[in-house]
Amino acid sequence: TASTIKPSKTITNTANLNISNVAIRSSADENTINNSGALNLNKTNIQAKGGYGIINTDNGTISMDTNTTIASTNTYGIYNSASNLMLDNGTVYGIYNSNKITLTGTLNPQATGNVVPIYNTGTAILNNLEINQNINKEIIYTNQGNVTINGGKITNRDNVFDSYYGSITINGAELKSTNAATVAGSASATLNSGKVESTSTTAITTNSLTMNDGEVTGVGHGVSVSSLKLVDGTITSDGIGASTSSANIQGGTINGVTYGLDTNSVTMSNGTINSSEGVGINSSSATITGGTVNGATYGVSTNSITMSNGTINSKYGIGVLSKTEATITGGTITGDTYGVQSKNKITLGVNEAPISSTSPVLVGNLYGLYLEGNDNNFYDGILKGQTDGYYGKITGLPTGGLVVDGTEEINEITYNTDTVNAYKNWLQVGDDLFNNIESACDAIESTGTITVIDDADVRFIQQFIN
């Protein structure tokens, strides 16, 4: 039977101290043990009254077996300010770290009162911990500190991790919350591998998230962060896949129902964004240089879009809805009704030779391009629609270019097409040939002769001013 001692003063260890088969019940509102040496605990139960069970400082070390318990009535069982403490066994009711600590093995951190299992203001490393709790507070809280979780599995009713700034890095761990966001607060989060899941709400709600691989699954939202960088991995939700102020999508997959990605600004160079019932990307501005976006009602709905490559699809509606300005120089956009609906200004291609009749590609079952504004430049590309290639008014063509009608069979359905072709050369200045008056005039500079060498249909647009 373990003996019990009730010290009225703090026990101080600066050398080697072995304690075995003892219950220590502090009778004063002081720390039970101040340790800066080597403290070895075997089958020991420490209960502080008002202070910490153990304060570990300097180069202090603590070794515990699985039958050791450390607690405090009013605060944390262990407070660590040492530079490299490792805990791998025992049960501790609250660990407060202000320097550097590694938690591993069969360590069992627990909560009590207002004390969370792990409170960190320094650097905390968790290696392969298995924690399964059902408490109404977070397992880990960091206050401007850094937490790294390597492997293991942590499940909780409330947050697994909450924060006031600081950072969390997840390497191969499985984190799950059943009644709250799993990773929360104002920290920056990095998921290199592993799984983060909430079965009740958004899985990750930190300030920023960099996701290099892994899986995130949430309810309502997969992630809701200020900034998102997705390199690889998968984000999934039954509502909005990812909600952000800014997003940089370099790879990976986002799966949502109402929205794949809901953001103020997105840059996408690779990866896949899916919405099964709504909008693939809903944004104020979008820059797309690659990747695939699949939506139901809209592939992309945005105020402004710049697109040079990639694929955008809408299953039931419009590939791209552009409310303010669109510049599309490459890629393929397909919609059930329209490939692109432009409400204000749009530019397709670049106003320079050579003219491309193959890129960008806009396809719609009604119209490839539906124009509502009065600033519509068609320099390159092909427009395909069963009704017609486009609806509305083209106001700008490349110098020496004209729109050519055609048809194309797609899945045994005839589509009407519109492309831009360069007009034939019909003017000559010296040895140079031109297909438009502007270029020929530039060639003669201040003097010279323009010779008409072929038939041409020349039309002038005049503006009458009263």
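Which residue in β29 is the bridge partner of G218? I would like to begin there this morning, and I should say at once that what we have in front of us is a predicted model. The answer is S237, which is the residue in β29 that bridges to G218.

Let me stay with that strand for a moment. Strand β29 covers residues 234–237, and its side chains alternate between two faces, with I235 and S237 pointing to one face, where they are buried, while T234 and T236 point to the other face and are not buried. On one pairing, β29 goes together with strand β27, residues 215–218, in the parallel sense and over four bridges. On another, β29 is joined by three bridges to strand β31, residues 253–256, and these two strands also run parallel. Within β31, the residue that bridges to I235 is I254.

I254 brings us to the core, since I254 is among the residues that I249 touches when those up to four places away in sequence are not counted, and the others include L228, L230, L261, V266 and M268. The largest nonpolar core has 82 residues, and within that core L87, L126 and I249 are the ones that touch the most other members. There is also a second, separate core of eight residues, and Y76, Y79, V115 and Y119 are included in it. As general background, nonpolar side chains in soluble globular proteins tend to be buried together.

Now to a polar residue, N80, which has its place in strand β9, residues 78–80. Is N80 buried or exposed? N80 counts as buried because its relative accessibility is 0%, and the cut-off for buried is under 20%. The side chain of N80 makes a polar contact of 3.0 Å with the side chain of N56. If we leave aside the neighbours within four places in sequence, the residues in contact with N80 are N56, L85, Y96, N97, S98, N99, K100 and I101.

Finally, I would like to turn to a sheet further along the chain. This is an open sheet of three strands in the order β50-β49-β51, and the pairing is antiparallel. Its edge strands are β50, residues 432–434, and β51, residues 451–452, each of which pairs on one side only. Strand β49, residues 427–429, is joined to β50 by three bridges, with the two running antiparallel, and here V429 stands opposite D432 of β50.

Conventions. Residues are numbered from 1 along each chain as its sequence is written. This is a predicted model: local features need pLDDT of at least 70, side-chain atom pairs count only at pLDDT 80 or more; totals for chains, interfaces and linings use all residues. Side-chain values use heavy atoms; hydrogens and water are left out. A nonpolar core is a set of buried Ala, Val, Leu, Ile, Met, Phe, Trp, Tyr and Cys residues joined through side-chain atoms within 4.5 Å. Buried means under 20% relative accessible area, exposed over 50%, partly exposed in between (1.4 Å probe, protein chains only). Contact means heavy atoms within 4.5 Å. Two strands pair if DSSP finds at least two bridges between them. A polar contact is a pair of N or O atoms within 3.5 Å; within protein, one must be able to donate a hydrogen and the other to accept it, and residues adjacent in sequence count only if both atoms are side-chain atoms.
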